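Please open the model in your viewer, with the sequence panel beside it, and follow the stops below in order.

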Amino acid sequence: RDFKMAALNIVLLALFAIATAEVTPVPLVIWHGMGDSCCNPLSMGHITKMVEDKVPGIYVYSIEIGDSVTQDIENGFFMNVNTQVEMVCAKIRADPKLRNGFNAMGFSQGGQFLRAVQQRCGLGMRNLISVGGQHQGVFGFPRCPGANSTLCDEVRKLLDLGAYLSFVQEHLVQAEYWQDPFNLAKYRADCIFLPDINNENVKNATYKANLIKLNKFVMVMFGKDTMVQPKESEWFGFYKEGQDKQVYAMKDSPLYQEDWIGLKTLDAAGKLHFLVSDTDHLRFTEDWFYQNLLPFINGTKV
C-alpha cells in the first residue's frame with residue numbers, strides 16, 4: 001500500500017509539474033540600442049512593463065552592460081562588441097531562470113548583438129525578434145540617438161578618423177558594423193565583428209548550426225527610417241558594391257544564396273518573418289507592438 005501511495009504521489013507531482021510548465025511563459029531577454037540603457041522608464045523600462053502587463057508571470061531580463069545606467073549607455077558606444085557578447089553569454093548562462101530557453105528581442109544594434117549571442121553561444125534562444133537591427137551593418141551616421149551630444153560627437157570624430165583603424169575598431173561599437181560598399185576588401189579584412197557573424201571570411205559551421213535552431217527569426221524594418229543607412233539592412237539588404245544608392249535584397253546576396261549563416265535554411269522552413277513599421281526608427285506605437293510583436297513573445301510556453 002505504501003508503495004502504491006508513493007507511486008501515486010510521484011504521478012501527481014509529475015502531472016503538477018507538467019501543468020505548471022504549460023502555464024509558465026517563456027522568459028524574454030531584451031538588449032537595448034545605441035544611446036539607451038537597460039532600464040530607462042521611457043524606453044526599455046516601458047517595453048518591459050508592456051510585456052509584463054500582457055503576459056502575466058513572464059520573466060523579463062533587460063541586459064545591462066556595466067554597473068550603472070551611465071556605464072551601460074557609454075558601453076553601447078565604446079566597448080568592444082565581441083567583449084559585450086561574451087559578457088551577455090555569461091550572464092545568460094548564470095541565470096537559472098533562463099536555463100530552459102528564452103525568447104530574445106533586440107532593439108536597433110541590440111538586434112545583431114543578440115544574433116551573435118545565439119550564433120556564438122547557442123544558449124537555448126527560441127524566437128529572435130530584431131527590431132530595427134542592422135544585420136548588414138550601416139554606411140552613414142545621420143542621426144545619433146540619446147541625450148548625450150558629447151558621445152555622439154566623439155563617435156563621428158572616430159568614424160571620420162577611419163572606421164577600420166585598429167584603435168577605432170577596438171573602441172567604437174558602430175565601427176564594428178560599419179560596411180563600406182566602396183571598400184569591401186578592407187571591411188572584410190579589418191572590421192572585427194560584422195564580417196565574422198555573417199561568415200563572410202571563415203565559414204563557421206557552429207554559427208550556422210546555432211542560428212537554424214531558432215523557432216522564428218523576426219525582423220522589423222522601419223519604412224521611414226532616417227537613422228539607419230540603408231534601412232534595408234534591417235532585412236539583410238545593403239548597398240550594391242561600389243556605390244551607395246542602389247540596394248540589393250537579402251535573397252540576392254551570397255550570404256543568403258550560399259546559406260552562409262542559415263538564412264536560406266530558416267526561410268525554407270518558414271521560420272523567417274519580415275515586418276514593417278511605417279515609421280521612423282523605433283517609433284512604433286504600443287498598439288503596433290501588441291499586434292505584431294507580442295504573438296512572438298506570448299505564443300510559446302516553457
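A residue is called buried when its relative accessible area is under 20%, exposed when that value is over 50%, and partly exposed in between, with a 1.4 Å probe and protein chains only. Select cysteine 191 as a trial of that scale: its relative accessible area is 7%, so cysteine 191 is buried.

This is a predicted model, in which local features need pLDDT of at least 70 and side-chain atom pairs count only at pLDDT 80 or more, while totals for chains, interfaces and linings use all residues. Residues are numbered from 1 along each chain as its sequence is written, and side-chain values use heavy atoms, with hydrogens and water left out.

**The sheet**

Switch to a cartoon view, where helices (H or I, at least four residues) and strands (E, at least two) are DSSP runs numbered from the N terminus. Two strands are taken to pair if DSSP finds at least two bridges between them. Now select the open sheet of 6 strands, whose order is β2-β1-β3-β4-β5-β8 and whose pairing is parallel. At its edges are β2 (60-62) and β8, each of which pairs on one side only. From one strand to the next the twist averages 15°; for such angles, axes are lines fitted to C-alpha atoms, for helices over the stretch in contact, and the angles run from 0 to 180 degrees between N-to-C directions.

Next, add the helices that lie on this sheet, taking contact to mean heavy atoms within 4.5 Å. Helix α2 (residues 44-54) packs on the sheet and touches β1 (28-31), β2 and β3, with its direction at about 170° to that of β2. Helix α5 lies across β1, β3, β4 (125-131) and β5, and runs at about 145° to β3.

Stay with β4 and ask how many of its residues are buried. The count is 7 of the 7, so β4 is largely enclosed by the rest of the structure. Parallel strands β3 and β4 are joined by 5 bridges, and phenylalanine 107 stands opposite valine 131 in β4. Following the chain from β3 through α5 to β4 traces a right-handed β-α-β crossover, a term that applies if, with the strands pointing away from the viewer, the path from the first strand over the helix to the second runs clockwise. Another 5 bridges join β4 to β5, again running parallel, and here asparagine 127 stands opposite lysine 216 in β5. Moving on to the edge, 6 bridges join β5 to β8, which also run parallel, and phenylalanine 217 stands opposite leucine 272 in β8.

**The disulfides**

Select the cysteines: a search of the whole structure finds 2 disulfides, a disulfide being a pair of cysteine sulfur atoms within 2.5 Å. One of them joins cysteine 38 to cysteine 39, with an S to S distance of 2.3 Å, and the torsion about its S-S bond is about -95°, so this disulfide is left-handed. Cysteine 38 is buried at a relative accessible area of 2%, whereas cysteine 39, at 47%, is partly exposed.

The other disulfide joins cysteine 89 to cysteine 121, S to S 2.0 Å, and its torsion of about 95° makes it right-handed. Because cysteine 89 lies in helix α4 (residues 81-94) and cysteine 121 in helix α5, the pair ties together parts that are 32 residues apart in sequence. Cysteine 89 is buried, at 1% relative accessible area.

**The nonpolar cores**

A nonpolar core is a set of buried Ala, Val, Leu, Ile, Met, Phe, Trp, Tyr and Cys residues joined through side-chain atoms within 4.5 Å. Which residues of the largest nonpolar core touch the most other members? Of its 61 residues, they are Val117, Phe217 and Leu263. Centre the view on valine 117, which, leaving aside residues up to four places away in sequence, touches Trp31, Val85, Val88, Cys89, Ile92, Gly122, Leu123 and Met125. Apart from the largest core lies another, of 25 residues, including Leu28, Ile47, Val218 and Phe289.

**Backbone details in the loops**

Finish with the loops, beginning between β3 (102-107) and α5 (109-121), where serine 108 is found. Serine 108 has a phi near 55°, a positive value in a residue other than glycine, and is buried at 8% relative accessibility. Leucine 282, in the loop between β8 (272-277) and α13 (286-292), also has a positive phi, of about 60°, although it is not a glycine; leucine 282 is partly exposed, at 30%. Last, select proline 230, in the loop between β5 (216-222) and β6 (238-239), where a cis peptide bond with omega of about -5° joins glutamine 229 and proline 230.
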